[in-house]
2 protein chains.
Amino acid sequence: MTTRLDELPGRRCSIAGALDVVGDRWALLIVREVSLGAHRFSEILRGTGAPRERLTARLNALVDAGVLERRGYSSNPPRADYHLTKAGRDLLPVLQALMQWGDRHVADTPPVELHHHGHRIAASWVCDVCGEPVGRGTERRVPDGSEPGHGPVPR
Amino acid sequence: MTTRLDELPGRRCSIAGALDVVGDRWALLIVREVSLGAHRFSEILRGTGAPRERLTARLNALVDAGVLERRGYSSNPPRADYHLTKAGRDLLPVLQALMQWGDRHVADTPPVELHHHGHRIAASWVCDVCGEPVGRGTERRVPDGSEPGHGPVPR
DNA sequence: ACGACTCGGTTCGATATGCGAACCTGGTGG
DNA sequence: CCACCAGGTTCGCATATCGAACCGAGTCGT
């Protein structure tokens, strides 16, 4: 990990925990690249534009965190490539969410369009229980009694 | 913005664009705090644990980026508070995705449970067109002809 | 009307992090 | 034998980030 967020003050939660692992500047770009099929160091290097030393550090950190798996595909010349683990694949919704937000709110082009069954994916976040879309303000925070000044989720 | 990601090499896309705005260490924690009802500087300060100077910088950047809106609620003593804009609210799915990932893959407790209609939200990412869950490997990247070594989405 | 306190910052010097460029190791192809 | 590639590591510099201290405007208690 680049930083000891867990030793910092501030509200701890799974969001902070997740950001501890992938909140760094390159981590999610690396995951993007790997998910797009760039498995070798040099491919990821090109795709992200990260400096080499940063990249090795982040790759190692992501392997340690269980997001990537390092597979040797040649023992000598010692060569390895990187693949998403289950945890890494579980990050794809995060990427998707970011991509959707970027599409909507920053002027930039998506790297690729994700399709399945012949149509472009237009995804939304839906509650498994009732099928209702999430993030539209129908949520309520269940009071946990701590931290003054926090009410229910606004808007 | 803290960094000029757009002047960097590497594949440009909406993910990179989004990370440009909220890829910083504090940005999403700030959005989390504001979405939980912390609107004043000192509340956000406590909730995130960010250093004061970082916090002012990030708040200004997020206001500039259109994620937060700064509202003066008292002209003298000049006091302001921060609220999510539409763009800011559109970030909630990103937070939700991160939270779900953190819940599953890092040992930490969620800050609050999000409920609606009396049950805990268990959300998944679903394609609007066909209703099929996204992120399970059924996606295909539509070839864009660039960047060697990139095939379809693996797994 | 005086001192203590709050809010929202800014300033400061020390440290951590990130950076590009050069170098290294181990192997291949000509 | 030489050039070249992949995958790093090392180096020195430049910037970002840090905590702590300070500040100015306003308010509250006495």
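In this report Ala, Val, Leu, Ile, Met, Phe, Trp, Tyr, Cys and Pro count as nonpolar, Asp, Glu, Lys and Arg as charged, and the others, Gly among them, as polar. The structure is a predicted model, in which local features need pLDDT of at least 70 and side-chain atom pairs count only at pLDDT 80 or more, while totals for chains, interfaces and linings use all residues. Residues are numbered from 1 along each chain as its sequence is written, chains are lettered from A and ligands numbered from 1 in the order in which they are written, and side-chain values use heavy atoms, with hydrogens and water left out.

The surface near DNA strand C (near: a heavy atom of the residue within 4 Å of the strand) divides into ten charged, seven nonpolar and four polar residues. Among the 21 residues that surround the strand, the closest are A:Arg54, B:Arg52, B:Arg70, B:Arg79 and B:Tyr82. Of the strand atoms within 4 Å of the protein, 66% belong to sugar or phosphate and the rest to bases.

The table gives polar contacts, which are pairs of N or O atoms within 3.5 Å.

| Protein atom | Atom of DNA strand C | Distance |
|---|---|---|
| A:Arg79, polar side-chain atom | base nitrogen | 3.1 Å |
| B:Ser42, polar backbone atom | phosphate oxygen | 3.3 Å |
| B:Tyr82, side-chain N or O atom | phosphate oxygen | 3.0 Å |

Elsewhere, helix 2 of chain A (residues 27-35; helices are DSSP runs of H or I, at least four residues, numbered from the N terminus) is largely enclosed by the rest of the structure, because nine of its nine residues are buried, that is, under 20% relative accessible area with a 1.4 Å probe and protein chains only. The buried residues include A:Arg32 and A:Glu33. Just after this helix, A:Gly37 takes a positive phi of about 105°.

Notes. Polar contact = N/O pair within 3.5 Å; in protein donor to acceptor, adjacent residues only side chain to side chain. Buried < 20%, exposed > 50% of the residue type's maximum accessible area, 1.4 Å probe, protein only. Helix = DSSP H or I, 4+ residues; strand = E, 2+ residues; numbered from the N terminus.
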